[in-house]
Amino acid sequence: MIFAFRFPARQMFVMRDCPVPIDIAFLDSAGRVLTTYEMQPEEPRKPGETDYEYDQRLRKYDSRYPSQFVVETAGGRLREVGLKPGDLVKFDVQGLKARAK
């Protein structure tokens, strides 16, 4: 999955209600990898736990730098293909920017 944002900004993702591992890569406006994470499933929402309480205990995955694109893949995939910070991901950057909301 690719998330495209209208403008580069610091992004923060969590593993909300996701039962499987996911890899995530934060990319700058040119498609260069800034930060990657191997996100692991969180403990499920507890009975009686409010949305706020649940969100507060989830680990936050921070881009650390202004990011315009975020790529999510199956867990372990980024390591499998060797993608790391500094690498350039080639895709239709301009087309995604034009469609970003």
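Helices and strands are taken here as DSSP runs, numbered from the N terminus, with at least four residues for a helix and at least two for a strand. In these terms Arg64 lies in the loop between β5 and β6, the latter spanning residues 67-74. The structure described is a predicted model, and within it Arg64 has a positive phi of about 70° although this residue is not a glycine. Most residues other than glycine have a negative phi. A further case is Asp17, which is found in the loop between β2 and β3 and whose phi, near 55°, is likewise positive in a residue other than glycine.

The strands β3 and β4 provide a view of how the chain pairs with itself. Strand β3, which covers residues 22-27, runs antiparallel to β4 and is joined to β4 by six bridges, and in this arrangement Phe26 stands opposite Thr35 of β4. The two strands form a hairpin with five residues between them, and Gly31, which is in the turn, has a positive phi of about 95°. Strand β4 itself, made up of residues 33-39, is mostly covered, since five of its seven residues are buried.

The loop between β3 and β4 also holds Asp28. This residue is buried yet has no salt bridge, and the nearest side chain of opposite charge, that of Arg32, is 4.9 Å away. A salt bridge requires a side-chain nitrogen of Lys or Arg within 4 Å of a carboxyl oxygen of Asp or Glu, so the cut-off is the point on which this assignment rests. The side chain of Asp28 does have polar partners in the backbone: one of its polar atoms lies 2.9 Å from the backbone nitrogen of Ala30, and the backbone nitrogen of Arg32 lies 2.8 Å from a polar atom of the Asp28 side chain. When neighbours within four places in sequence are left aside, Asp28 is in contact with Leu34, Pro66, Gln68 and Phe69.

Across the whole structure, a search finds nine salt bridges. One of these is formed by Asp62 and Arg10, with the closest N and O atoms 2.3 Å apart. This pair links distant parts of the chain, given that Asp62 belongs to strand β5 (residues 61-62) and Arg10 to the loop between β1 (2-9) and β2 (12-13), 52 residues apart. The two partners differ in their surroundings: Asp62 is buried, with a relative accessible area of 13%, whereas Arg10 counts as exposed at 56% relative accessibility.

A salt bridge also brings together the side chains of Asp17 and Arg45, at 3.0 Å from N to O. Here, too, distant parts of the chain are linked, with Asp17 in the loop between β2 and β3 and Arg45 in the loop between β4 and α1 (51-57), 28 residues apart. Asp17 is partly exposed, with a relative accessible area of 49%, and Arg45 counts as partly exposed at 30% relative accessibility. Together with Asp51, the residues Asp17 and Arg45 are linked in a network of salt bridges. In another salt bridge the side chains of Asp87 and Lys84 meet at 3.3 Å, N to O, and Lys84 counts as partly exposed at 47% relative accessibility.

The aromatic residues were examined in a similar way, and a search of the whole structure finds five aromatic pairs. The rings of Tyr37 and Tyr61 have centres 5.3 Å apart and planes at 70°, so this pair is edge-to-face. Because Tyr37 lies in strand β4 and Tyr61 in strand β5, the pair ties together parts that are 24 residues apart in sequence. Both residues count as buried, Tyr37 at 18% relative accessibility and Tyr61 at 2%. Phe69 and Phe91 form an aromatic pair that is also edge-to-face, with 5.3 Å from centre to centre and 90° between the planes. Phe69 lies in strand β6 and Phe91 in the loop between α2 (77-81) and α3 (93-99), so this pair ties together parts that are 22 residues apart in sequence. Phe69 counts as buried at 0% relative accessibility, whereas Phe91, at 23%, counts as partly exposed. Finally, Tyr37 and Tyr61 belong to one aromatic cluster, which they form with Phe3, Phe13 and Phe26.

How values were computed:
Residues are numbered from 1 along each chain as its sequence is written. This is a predicted model: local features need pLDDT of at least 70, side-chain atom pairs count only at pLDDT 80 or more; totals for chains, interfaces and linings use all residues. Side-chain values use heavy atoms; hydrogens and water are left out. Buried means under 20% relative accessible area, exposed over 50%, partly exposed in between (1.4 Å probe, protein chains only). Two strands pair if DSSP finds at least two bridges between them. Lys and Arg count as positive and Asp and Glu as negative; His and the chain ends are not counted. A polar contact is a pair of N or O atoms within 3.5 Å; within protein, one must be able to donate a hydrogen and the other to accept it, and residues adjacent in sequence count only if both atoms are side-chain atoms. Contact means heavy atoms within 4.5 Å. Rings of Phe, Tyr and Trp (its six-membered ring) pair if their centres lie within 6.5 Å; planes under 30 degrees apart count as stacked, over 60 as edge-to-face and the rest as tilted.
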